[in-house]
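Colleague: I am new to this structure. Please take one part and walk me through it closely.

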Amino acid sequence: MHIQIHIHEQGFLQHQRHAFSNRFTLVSELLQNARRAGATRIELRYDEDRQLLTVHDNGGGLADFQKLLSLHESGWDAELCAREQPFGVGFMKCLYAATRCVVQSGRQVADIDTAAVLARHPVEVLAVADTASVPGTRITLHGINLPGLVAHVQRLCRGFAVPVWLNGQLLPRPLAEAALTLHDSPIG
């Protein structure tokens with residue numbers, strides 16, 4: 001008798017939410033993805049009352065929307081994968097934290113009902129008019145309940161490599177700026 005690994009896909013998709021112990025991890029994943037996409041500016045808008053979080057970056061954009069829903073397949077180039085070892089699960093955290101995710105990049109948009117997509121229903125990626133085109137990528141999460149998010153993002157961005165605006169205010173990055181200064185040290 002031989003046995004091999006088997007994944008019960010529906011069970012995996014429904015219960016994976018329990019693997020993400022920190023509810024704020026989705027923010028760090030979205031920031032990290034924006035940085036990896038070459039963003040030089042990231043804007044976050046959070047409305048706690050409306051339970052709405054928008055992350056908009058000016059990076060290279062998202063060419064293949066399928067990568068959002070492809071587990072353990074990040075879509076980054078070989079050099080970045082060798083340097084950073086991305087897991088390819090970051091966007092999944094959004095699916096477990098929000099009721100709806102709207103992703104727009106360039107002239108494409110996907111409006112994702114998270115319960116439906118986790119039940120393996122397809123999501124249509126639509127084309128939008130040039131006038132509605134978005135530079136970089138904008139992700140809007142609906143039904144997101146993250147009390148204390150503002151303080152968490154402020155701490156998180158203290159050493160982040162890319163400038164981040166939160167609700168219109170540029171966040172201080174003293175640790176990132178200090179990392180840009182060269183110092184004599186045993187490692188150079």
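Modeller: Let us start with the hairpin. A single residue links β3 to β4 there. Keep in mind that this is a predicted model.

β3 covers residues 100-106, and β4 covers residues 108-113. The two strands run antiparallel and share six bridges. One pairing to find is Ser 105, whose bridge partner in β4 is Gln 108.

Now follow β4 to its pairing with β5. Strand β5 spans residues 125-127. Here too the pairing is antiparallel, over three bridges. Look for Ala 110, which stands opposite Val 125 of β5. So β4 has a part in both pairings: with β3 and with β5.

Go back to β3 for its cysteine. Cys 101 is buried, and its relative accessible area is 0%. Is it bonded to another cysteine? The structure has zero disulfides. For Cys 101, the nearest cysteine sulfur belongs to Cys 94, 5.4 Å away. A disulfide needs the two sulfur atoms within 2.5 Å, so this pair does not count as one.

Cys 94 leads us to helix α4, where it is one of the buried residues. The helix covers residues 90-97. Seven of its eight residues are buried, so the rest of the structure largely encloses it. Gly 90, Phe 91, Met 92 and Lys 93 are among them. Leu 95 and Tyr 96 are buried as well.

One more cysteine is worth finding. Cys 157 is buried too, with a relative accessible area of 0%.

Notes. Residues are numbered from 1 along each chain as its sequence is written. This is a predicted model: local features need pLDDT of at least 70, side-chain atom pairs count only at pLDDT 80 or more; totals for chains, interfaces and linings use all residues. Side-chain values use heavy atoms; hydrogens and water are left out. Two strands pair if DSSP finds at least two bridges between them. Helices (H or I, at least four residues) and strands (E, at least two) are DSSP runs, numbered from the N terminus. Buried means under 20% relative accessible area, exposed over 50%, partly exposed in between (1.4 Å probe, protein chains only).
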